[in-house]
Amino acid sequence: MKKFVCVECGYIYDPEVGDPTVGIGPGVSFDELPEDWFCPICGEPKDCFEELD
């Protein structure tokens, strides 16, 4: 699964970790995140993330 980075603050969403701050466990791909999910660091919406190579 691919990682995504917030273009605003540099936070990296890693699907192997998930986002425990909102109860999203490991194994959840970026595409599977809810549309209202936001960066846990700066609060930017999901569309402010870019796929990492």
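In what order do the three strands form the open sheet, and is the pairing parallel or antiparallel? Select the strands of this predicted model: the order is β2-β1-β3, and the pairing is antiparallel. Each of β2 and β3 pairs on one side only, which places these two strands at the edges of the sheet.

**The whole chain**

Display the full protein chain as a cartoon before going further. Three strands and zero helices are present, and the pattern read along the sequence is β-β-β. Switch to the C-alpha trace, which spans about 25 × 25 × 15 Å along its principal axes. The radius of gyration is 10 Å, in agreement with the value near 10 Å that a compact globule of 53 residues would have.

Now show the surface. The protein chain exposes about 3,500 Å², and 51% of this area comes from carbon and sulfur atoms. Of the 53 residues, 34% are buried. If contacts between residues at least 6 apart in sequence are drawn, 42% of them join residues at least 24 apart.

**Strand β1 and Val-5**

Select residues 4-6, which constitute strand β1. This strand and β2 pair in the antiparallel sense over two bridges. Within β1, pick Val-5; its bridge partner in β2 is Ile-12. Val-5 counts as buried because its relative accessibility is 17%, below the 20% limit for that class.

Next, display the surroundings of Val-5. Beyond neighbours within four places in sequence, Val-5 is in contact with Gly-10, Tyr-11, Ile-12, Cys-48, Phe-49, Glu-50 and Leu-52. One of these residues, Cys-48, merits a distance label: the C-alpha atoms of Val-5 and Cys-48 are 8.4 Å apart in space, while the two residues are 43 apart in sequence.

**The cysteines**

Select Cys-6, Cys-42 and Cys-48 and show their sulfur atoms. How many disulfides are there? The count comes to zero. For Cys-6, the nearest cysteine sulfur belongs to Cys-42 and is 3.6 Å away; Cys-6 is therefore in no disulfide, since the two sulfur atoms would have to be within 2.5 Å. Cys-48 is likewise in no disulfide, and its nearest cysteine sulfur, that of Cys-6, is 6.4 Å away. Cys-6 itself is buried, with a relative accessible area of 2%.

**The nonpolar core and Tyr-13**

Keep Cys-6 selected and extend the selection to the largest nonpolar core, which has 10 residues in all. Besides Cys-6, the members are Phe-4, Tyr-11, Tyr-13, Ile-24, Phe-30, Leu-33, Trp-37, Cys-39 and Phe-49.

From this group, centre the view on Tyr-13. Which residues are in contact with Tyr-13, leaving aside neighbours within four places in sequence? Among them are the core members Phe-4, Ile-24, Phe-30, Leu-33, Trp-37 and Phe-49. The remaining contacts of Tyr-13 are Lys-3, Gly-18, Asp-19, Val-28 and Ser-29.

**Ser-29 in the loop**

Finish at Ser-29, a contact of Tyr-13. Ser-29 is situated in the loop between β2 (12-13) and β3 (49-51). Is Ser-29 buried or exposed? With a relative accessibility of 16%, Ser-29 counts as buried. Not counting residues up to four places away in sequence, Ser-29 touches Met-1 and Pro-15 as well as Tyr-13.

Technical notes. Residues are numbered from 1 along each chain as its sequence is written. This is a predicted model: local features need pLDDT of at least 70, side-chain atom pairs count only at pLDDT 80 or more; totals for chains, interfaces and linings use all residues. Side-chain values use heavy atoms; hydrogens and water are left out. Helices (H or I, at least four residues) and strands (E, at least two) are DSSP runs, numbered from the N terminus. Buried means under 20% relative accessible area, exposed over 50%, partly exposed in between (1.4 Å probe, protein chains only). Contact means heavy atoms within 4.5 Å. Two strands pair if DSSP finds at least two bridges between them. The radius of gyration is taken over C-alpha atoms; the globule rule is 2.2 Å times the number of residues to the power 0.38. Accessible areas come from the Shrake-Rupley method with a 1.4 Å probe; for residues, only the protein chains shown count as cover. A nonpolar core is a set of buried Ala, Val, Leu, Ile, Met, Phe, Trp, Tyr and Cys residues joined through side-chain atoms within 4.5 Å.
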